Amino acid sequence: MPEDAPRILVVDDDPDVALLVKTVLQRRAGCVVDVAEDGQVAVERVAAFRPDVVVTDIEMPGLNGLELLAELRRTVPTVPVIVMTAHVSVEYAVSALRAQADEFLTKPLDNAKLVEAVTRLVAEGRRRRDEARTPERVLAIGAHPDDVEIGVGGLLAAHAKAGDEITILTLSRGARGGDADSRQDESLASAEMLGARLFLKDLIDTEISGGGSTVRLIEEVVQEIQPTIVYTHSSHDRHQDHRAVSEATIVATRRVGTVACYQSPSATIDYRPTRFVRIDQYLDEKLRLLERFSSQTARRDYLEPDFVTATARYWSRFGGGIAVEPLEVVRETAEFVGAHELTRRES
């Protein structure tokens, strides 16, 4: 099943009808279909399944189809809803339309009309969702040049595609790992490719502190850009700078809703991600970002395309697809993308 396959939630208390609709949409429209036996279950499934379209019966016990429709319009107003019923009457049609149904179908269903309506409304729903989406303000923090590109280069590319505002904060110029001027130029080239803003600070490479001045530097940037999502190093890392930046970031971003830690090549076996974001469509862009750091590619095996690709492929065991970037979630109130949605929908 392709990653951008339409996701349809079918709601009907008649299991035979639900199975029929599911089978038709799977076979004729290539949809991923989930089924809920009543309106109350559907409300719970919507949050987890994130459907592109909801197809619901009207007559159901408990929360009926029109009540479900009203609830969906309140909680997820951009999701198209198809209402179906065995009772052909003007009254039902008017009730459905007043409740803002996108389509009204009568039973027994015409399979061709069902497939046409679902296909049309999937495209409409995705358009609505894109237009309604509020851009995230993303802050990616690394100890050295290339750290964030290694950890979340694919995810940052997805954020850029989603129209999110991206800022990269690099706390040292990486002088111990190469020429500082060259690494600065490489960082600027990478940020330009992402359309990101770059803050490049002058803390001493290998001597970054986890408190005091480091916390204040990060707080200054946080205050200026007001991020909604922050990516940073994990504390489970052999490199002292990475651990220090992780510690300082957790303190400095304590009022930011979503904070997650990416994997570095020096991460230890205690790095235990809890979120796996597919970057199938962004892996090549991540590799192009890393190419910008030419002063390092000849010296660091972990920057070789085969190594980067193999790492992303390994994590796909847990996240699906062919390429994944793992994250340790510190806290989460925003979605990872737009990126999660984009990586699911982009083909």
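This passage describes the overall make-up, the seven-stranded sheet and several individual residues of a predicted protein model.

The predicted protein contains 13 helices and 12 strands. Its C-alpha trace spans about 75 × 40 × 35 Å along the principal axes. Of the 347 residues in the protein, 50% are buried. The accessible surface amounts to about 15700 Å², and carbon and sulfur atoms account for 49% of this area. When contacts between residues at least 6 apart in sequence are considered, 79% of them join residues at least 24 apart.

Seven of the strands form an open sheet in the order E8-E7-E6-E9-E10-E12-E11, and the pairing within this sheet is mixed. Strands E8 (197–203) and E11 (275–278) stand at the edges; each has a single partner strand, and therefore one side of each lacks a neighbour in the sheet. From one strand to the next, the twist averages 25 degrees. In general, the strands of a sheet pair through backbone hydrogen bonds, in either a parallel or an antiparallel manner.

Two of the pairings can be described in detail. Strand E6 (residues 137–142) pairs with strand E7 (residues 165–172) in the parallel sense, over six bridges. Within this pairing, Ala140 has Ile168 of E7 as its bridge partner. Strand E7 is also joined to E8, again in parallel, by five bridges. Here, the bridge partner of Ser172 is Leu203 in E8. The connection between these two strands includes helix H7 (residues 180–194), and E7, H7 and E8 together make a right-handed β-α-β unit.

Helices also pack against the sheet. Helix H9 (residues 240–252) lies across E6, E7, strand E9 (229–233), strand E10 (258–262) and strand E12 (324–331), and runs at about 150 degrees to E9. Helix H12 (residues 305–319) packs on the sheet as well, where it touches E11 and E12; the direction of H12 makes about 60 degrees with that of E12.

Two residues in the loop between E6 and helix H6 (147–161) were then examined, beginning with His144. His144 has a relative accessibility of 7% and therefore counts as buried, the limit being under 20%. Apart from residues up to four places away in sequence, His144 touches Thr170, Ser172, Gly174, Asp205, His239, Asp241 and His242. Pro145 is placed in the loop between E6 and H6, and its relative accessibility of 1% means that Pro145 counts as buried. With residues up to four places away again excluded, Pro145 touches Thr170, Ser172, Arg173, Gly174, Arg183, Ser187 and Phe293. The C-alpha atoms of Pro145 and Ser187 are separated by 5.9 Å, although the two residues are 42 residues apart along the chain. Ser172, which is bridged to Leu203 in E8, is thus among the residues touched by His144 and among those touched by Pro145.

A further residue is marked in a database record. The UniProt annotation "modified residue: 4-aspartylphosphate", from an unreviewed entry, covers Asp57. This residue lies in strand E3 (residues 53–57). Asp57 counts as buried because its relative accessibility is 6%. Beyond its neighbours within four places in sequence, Asp57 is in contact with Val11, Asp12, Asp13, Gly65, Met84, Thr85 and Lys107.

Lys107, one of the contacts of Asp57, also takes part in a backbone feature. The peptide bond from Lys107 to Pro108 is cis, with omega near 0 degrees. Pro108 is located in the loop between strand E5 (103–106) and helix H5 (111–132). For comparison, most peptide bonds are trans, and most residues other than glycine have a negative phi.

Positive phi values occur at two non-glycine residues described here. Arg50 has a phi near 55 degrees and is placed in the loop between helix H2 (39–49) and E3. Because its relative accessibility is 30%, Arg50 counts as partly exposed. Thr206 has a phi near 80 degrees and is found in the loop between E8 and helix H8 (212–225). At 23% relative accessibility, Thr206 likewise counts as partly exposed.

How values were computed:
Residues are numbered from 1 along each chain as its sequence is written. This is a predicted model: local features need pLDDT of at least 70, side-chain atom pairs count only at pLDDT 80 or more; totals for chains, interfaces and linings use all residues. Side-chain values use heavy atoms; hydrogens and water are left out. Two strands pair if DSSP finds at least two bridges between them. Helices (H or I, at least four residues) and strands (E, at least two) are DSSP runs, numbered from the N terminus. Axes are lines fitted to C-alpha atoms, for helices over the stretch in contact, and angles run from 0 to 180 degrees between N-to-C directions. Contact means heavy atoms within 4.5 Å. A crossover is right-handed if, with the strands pointing away from the viewer, the path from the first strand over the helix to the second runs clockwise. UniProt positions are given in the numbering used here, feature names are shortened, and annotations may be inferred rather than shown by experiment. Buried means under 20% relative accessible area, exposed over 50%, partly exposed in between (1.4 Å probe, protein chains only). Accessible areas come from the Shrake-Rupley method with a 1.4 Å probe; for residues, only the protein chains shown count as cover.
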